[in-house]
Amino acid sequence: MHDQDPPQPPLDAPAERPSPGRRARTAGGVLVGLGLLIAKFKTALLLLLNFKWIFLGSKVLLSFGSMFFSVVLYAALFGGWKIAIVFVLMILVHELGHYLTWRNFGVPVNLPMFIPGLGAFVSSHGGTPAQNLAAAIAGPLFGIAAATTCWVYGLQTGQHFWIACAYIGFFINFFNLMPIPMLDGGAIAGALDARLWFLGIPIFLAYMFLVGFSPFGLIILLLIAFNAVPRWIALWRGEIDPRAVRLTGFQRAIGGLAYLGLILLGIAGAAATNVAQRG
């Protein structure tokens, strides 16, 4: 006796359809599997869904990229990588003065952004007039401190390279303190009394005709003038930014003393390091 194969259904018989209960169990299994997959890769999914880190990374990359191209340009202008790197680092310290001050006040601010050949800038979003005045003062303060550090190191080591770097640092920070719109000195003067901008006109003209500049330096001065002239005209017409008159008398006095002190430090440092170079 041998086993017989079970009878086979006809070929044209309709296929067996899964019962509703079976379909429910299958769907439930799929959902459970997806749930386990999501739980397992939850961190990765959250990172992919949160694009803030991508934007932050792009900002950091853009900031450092602009710094690198500035080094390349200044190396070509100054004829050496070493002085170009120090020059860019001193500009960076200056901008960090603005950046860290705003951050300390809790004011949203962007990372320093370099414009090769034209320096660098940071942009804030908000802040009270007193906070903005403090941030404007902090930039030249940090810059002059960096130049002083180079000067002291040059005197201790006897290396004229560092004294030359100090001279450049004092010079660019003093230049930036001129009461001209677009510069830090213009921001400080505008906060104290916008009419100080008028003092920037003869200073600016004297700077152009007495100091002497290369064609590249002349382009920079023309860009500054292009930004400043409309503001001078608006001020002449009596159009003053209302935010510039919201400082208290005490804040205006402290800001004015700090501004004058920085100007004197910048002049004294540039004169002393210039003489030290020649000696």
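Which side chains does a polar contact of 3.0 Å join? In this predicted model, the two partners are the side chains of His98 and Asp184.

## The surroundings of His98

His98 belongs to helix α4, which covers residues 81-104, and its relative accessible area of 5% is under the 20% cut-off, so the residue counts as buried. Besides the polar contact that links its side chain to that of Asp184, His98 touches residues from other parts of the sequence: once the neighbours within four places are left aside, its contacts are Val122, Ala135, Ala136, Gly139, Pro140 and Asp184.

## Two cysteines without a disulfide

When the whole structure is searched for disulfides, zero are found. Cys150 takes part in none, and the nearest cysteine sulfur to its own, that of Cys165, is 5.6 Å away; because a disulfide requires two cysteine sulfur atoms within 2.5 Å, this pair does not qualify. Seen from the other side, Cys165 is likewise in no disulfide, and its nearest cysteine sulfur is that of Cys150.

Are these cysteines buried or exposed? Cys150 is buried, with a relative accessibility of 9%, and Cys165 is buried too, with a relative accessible area of 1%.

## Gly117 in a loop between strands

Gly117 sits in the loop that runs between strand β1 (113-115) and strand β2 (119-121), and although this is a loop position, the residue is counted as buried at 7% relative accessibility. In sequence, Gly117 and Val72 are separated by 45 residues, whereas in space their C-alpha atoms are 10.0 Å apart.

Terms used: Residues are numbered from 1 along each chain as its sequence is written. This is a predicted model: local features need pLDDT of at least 70, side-chain atom pairs count only at pLDDT 80 or more; totals for chains, interfaces and linings use all residues. Side-chain values use heavy atoms; hydrogens and water are left out. Helices (H or I, at least four residues) and strands (E, at least two) are DSSP runs, numbered from the N terminus. Buried means under 20% relative accessible area, exposed over 50%, partly exposed in between (1.4 Å probe, protein chains only). A polar contact is a pair of N or O atoms within 3.5 Å; within protein, one must be able to donate a hydrogen and the other to accept it, and residues adjacent in sequence count only if both atoms are side-chain atoms. Contact means heavy atoms within 4.5 Å.
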